[in-house]
Amino acid sequence: MTPRSYDQYRPSFADRGHWNSPHVLRHRAETHGDRVYLDVPWTGESYSYAETLDLAERMARNLLAAGAIPGDRLLIMLPNCSAYILAWLGSSLARLAEVPINTAFRGSFLEHQARTVAPRLALIDPAYAERFAESAEAVRTVERFFLAGGTADERAAASATLQKAGFAVSGWEELLEESPAGGADLPAVRHSDLGSVFFTSGTTGLSKGVMMPHAHMYLFADQCVSLTRLSDADVYMSAGPLFHGNSHFLAAYPALIAGARYVLQERFSASAWSGQVRASGATVTNFVGVMMDFVWQQPPRPDDADNHLRCIFAAPTASGILEGFKQRFGVEAFVEVFGLTETCMPILSPYREGRPPGAAGLANRDWFDVRLVDPETDEEVPVDELGELVVRARHPWTQSVGYYNMPEATQQAWRNLWWHTGDGLRRDAEGWFYFVDRLKDAIRRRGENISSYEVEQALLGHPAVAEVAVVAVPADQEAGEDEVLAVIVPEPGTEIAAADLWAFADRRLPYFAVPRYLRFVAELPKTPSEKVRKVELRATGVAVGTDDRGPAPRRRHLQP
């Protein structure tokens with residue numbers, strides 16, 4: 001039997017030289033100028049395609065006037081807001097690379113990412129100024145901070161904090177000022193230029209900055225256009241954080257390509273979701289991780305299906321509730337993919353086509369070479385056997401060009417001229433791919449990927465911790481979510497109270513990375529080469545004597 005493949009993708013822009021957001025934005029400003037592109041319902045803002053282009057071009061010129069040089073990195077640390085969208089598009093027009101930073105990051109998490117990309121300019125919410133002041137030495141490459149959001153008093157306090165730490169500070173409004181006589185010409189942007197650096201925490205090591213050329217970001221977004229059958233008649237609503245691809249290049253950018261209206265919600269709220277879909281007129285939306293399950297757990301309402309919703313892009317789809325969800329909310333189609341920030345989406349599910357339970361989709365063989373291989377030998381495994389997914393693009397610049405300033409990690413991932421995902425999948429004879437397990441030691445919790453290594457390094461900062469191993473243990477939601485277990489060896493002669501270590505972790509880690517479970521042991525199980533046997537820790541799981549803090553709080557961009 002010849003395996004099937006996903007054959008529905010046709011590029012929206014035929015010339016790959018036009019695969020960059022400046023070209024797409026300018027084209028849509030010509031074809032859809034007066035139509036609304038960006039809709040921010042909780043602030044009452046809306047921007048047409050023409051207005052978006054005008055503001056983004058102003059921002060691009062002012063970023064360059066502030067000292068940025070094409071090729072520089074712009075650090076962005078903002079909650080969901082219109083400023084984020086304009087910063088993305090404005091930095092692209094200036095031929096800068098945006099670097100989105102998770103708004104929960106602080107301490108070593110923030111410092112590592114800032115040091116790695118060495119940004120020249122930064123755009124942040126005033127609420128995060130103290131974090132940058134505390135980590136000032138790690139962000140000394142930043143020549144100027146721009147503040148967006150908050151009250152006048154909050155901006156003044158944040159400005160004083162940053163200035164005291166030795167940084168120059170300006171207001172967001174300066175980036176939107178119109179330059180005299182229209183300003184200088186903006187640089188030409190090529191599809192091969194670096195558009196973004198998105199950090200991913202997919203392995204045991206430090207988080208890595210995925211270098212995404214413009215063509216890579218475009219293909220990601222345009223695949224989503226194909227996957228959801230998005231057109232300029234659609235309204236695409238997204239509630240995920242913009243520092244993740246889920247709402248950025250899998251919602252905001254597909255809407256831009258298609259000429260659709262993009263509705264940006266402040267954050268995800270399972271209890272508010274149905275009303276938001278109805279009020280926005282959304283025809284397409286997306287879920288990631290446990291979001292689908294959280295919505296399903298809400299008490300049913302008689303008007304749940306009173307909406308225009310046509311398609312939900314859910315990765316992964318909670319197959320056990322799929323049919324009930326479609327009926328309850330009146331959804332025509334669910335679509336799913338398997339992909340990584342580094343690879344775009346090499347595996348996609350055809351629109352409205354039934355698929356075997358648990359299947360993520362079919363290989364998009366026109367655009368990617370896809371194999372499942374033995375992770376030890378890189379030899380292809382037979383049908384129905386577990387193998388590591390390896391991928392390579394069939395067209396230039398449509399896949400990550402590596403990890404920013406981390407050549408050894410790039411070389412490791414690109415072994416034998418294939419991108420190694422570290423994810424275990426199997427394929428059936430018909431061609432359907434099924435995710436089985438993570439082969440690399442990553443943790444996914446509350447919609448976030450967590451590096452066990454980074455959590456371990458933070459906990460080792462406690463003076464009474466001699467050794468620590470962090471592993472994933474199952475959570476109680478469908479969709480592959482985890483809880484975090486830390487197994488700790490105290491320093492000889494010391495004792496640690498779980499409450500004290502949790503309090504320490506709260507100051508050193510993003511809220512979602514703080515372990516739910518702590519277990520104190522005399523020694524960690526190790527191999528003869530002194531590597532921790534994490535497989536044994538995972539198998540033991542939440543054993544007797546483990547301290548349980550309770551589930552991670554559903555806050556920020558994941559609300560109950």
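This section describes helices, salt bridges, a surface patch and unusual backbone geometry in a predicted model.

Helix H3 covers residues 82–93. At 1.5 Å a residue, its 12 residues should span 16 Å, and the end C-alpha atoms lie 17 Å apart, in agreement with that expectation. H3 is mostly covered, with 12 of its 12 residues buried. Among these buried residues are Tyr-84, Ile-85, Leu-86, Trp-88 and Leu-89, together with Ser-82, Ser-91 and Ser-92. The helix is followed by Arg-95, which has a positive phi near 60°.

Helix H4 (residues 107–117) is largely enclosed by the rest of the structure, because 8 of its 11 residues are buried. The buried positions are Gly-107, Phe-109, Leu-110, His-112, Gln-113, Ala-114, Thr-116 and Val-117. These residues pack against three strands, S3 (73–77), S4 (97–100) and S8 (194–200), and against helices H5 and H13. After H4 comes Ala-118, with a positive phi near 45°.

Helix H6 comprises 13 residues, 152–164. The span expected at 1.5 Å a residue is 18 Å, and the distance of 18 Å between the end C-alpha atoms agrees with it. Its buried residues are Ala-158, Ser-159 and Leu-162. Viewed down the helix axis, the buried residues of H6 fall within an arc of 105°, so they line one face of the helix. Asp-153 and Lys-164, on the other side of H6, are exposed. The packing partners of the buried residues are strand S5 (121–124), helix H5 (129–134), strand S6 (144–147) and strand S7 (169–171). Helix H5 thus appears among the contacts of the buried residues of H6 and among those of H4. Gly-166 follows H6 and has a positive phi, near 100°.

Side chains of opposite charge can pair when their charged atoms come close. The model contains 28 salt bridges. One of these joins the side chains of Asp-39 and Arg-261, with an N to O distance of 2.6 Å. This pair links distant parts of the chain, as Asp-39 is in strand S1 (residues 36–40) and Arg-261 is in strand S11 (residues 261–264), 222 residues apart. Asp-39 has a relative accessibility of 17% and therefore counts as buried, whereas Arg-261, at 23%, is partly exposed.

A salt bridge is also formed between Lys-534 and Glu-456, whose closest N and O atoms are 2.7 Å apart. Lys-534 lies in helix H15 (residues 534–540) and Glu-456 in helix H13 (residues 452–459), so the pair ties together parts that are 78 residues apart in sequence. Lys-534 is buried, with a relative accessible area of 14%, and Glu-456 is buried at 9%.

In the salt bridge between Asp-548 and Arg-516, the closest N and O atoms are 2.8 Å apart. Here Asp-548 belongs to strand S28 (residues 547–548), and Arg-516 to the loop between helix H14 (498–508) and strand S27 (517–520); the two residues are 32 residues apart and link distant parts of the chain. Asp-548 is partly exposed, with a relative accessible area of 41%, while Arg-516 is buried at 14%. Arg-4, Glu-353 and Glu-430 are joined into one network by salt bridges that share partners.

On the surface, Leu-386, Val-436 and Leu-439 make a nonpolar patch of about 240 Å². Val-436 is located in strand S22 (residues 432–438). Its relative accessibility is 43%, and Val-436 therefore counts as partly exposed.

Most residues other than glycine have a negative phi, and most peptide bonds are trans. The bond from Ala-315 to Pro-316 is cis, with omega near -5°. Pro-316 is in the loop between strand S14 (311–315) and helix H11 (322–329). Cys-344, which is not a glycine, has a positive phi of about 60°. Cys-344 belongs to strand S17 (residues 344–348) and, at 0% relative accessibility, counts as buried. Leu-417 likewise has a positive phi, near 65°. This leucine is found in the loop between helix H12 (407–413) and strand S21 (419–427). With a relative accessibility of 65%, Leu-417 counts as exposed.

Methods: Residues are numbered from 1 along each chain as its sequence is written. This is a predicted model: local features need pLDDT of at least 70, side-chain atom pairs count only at pLDDT 80 or more; totals for chains, interfaces and linings use all residues. Side-chain values use heavy atoms; hydrogens and water are left out. Helices (H or I, at least four residues) and strands (E, at least two) are DSSP runs, numbered from the N terminus. The expected span of a helix is 1.5 Å times one less than its number of residues. Buried means under 20% relative accessible area, exposed over 50%, partly exposed in between (1.4 Å probe, protein chains only). The arc is that of the directions from the helix axis to the C-beta atoms. Contact means heavy atoms within 4.5 Å. Patches are made of residues with over 30% relative accessible area and no salt bridge: like charges are joined within 9 Å, nonpolar side chains (Val, Leu, Ile, Met, Phe, Trp, Tyr) within 5 Å. Accessible areas come from the Shrake-Rupley method with a 1.4 Å probe; for residues, only the protein chains shown count as cover. A salt bridge is a side-chain nitrogen of Lys or Arg within 4 Å of a carboxyl oxygen of Asp or Glu.
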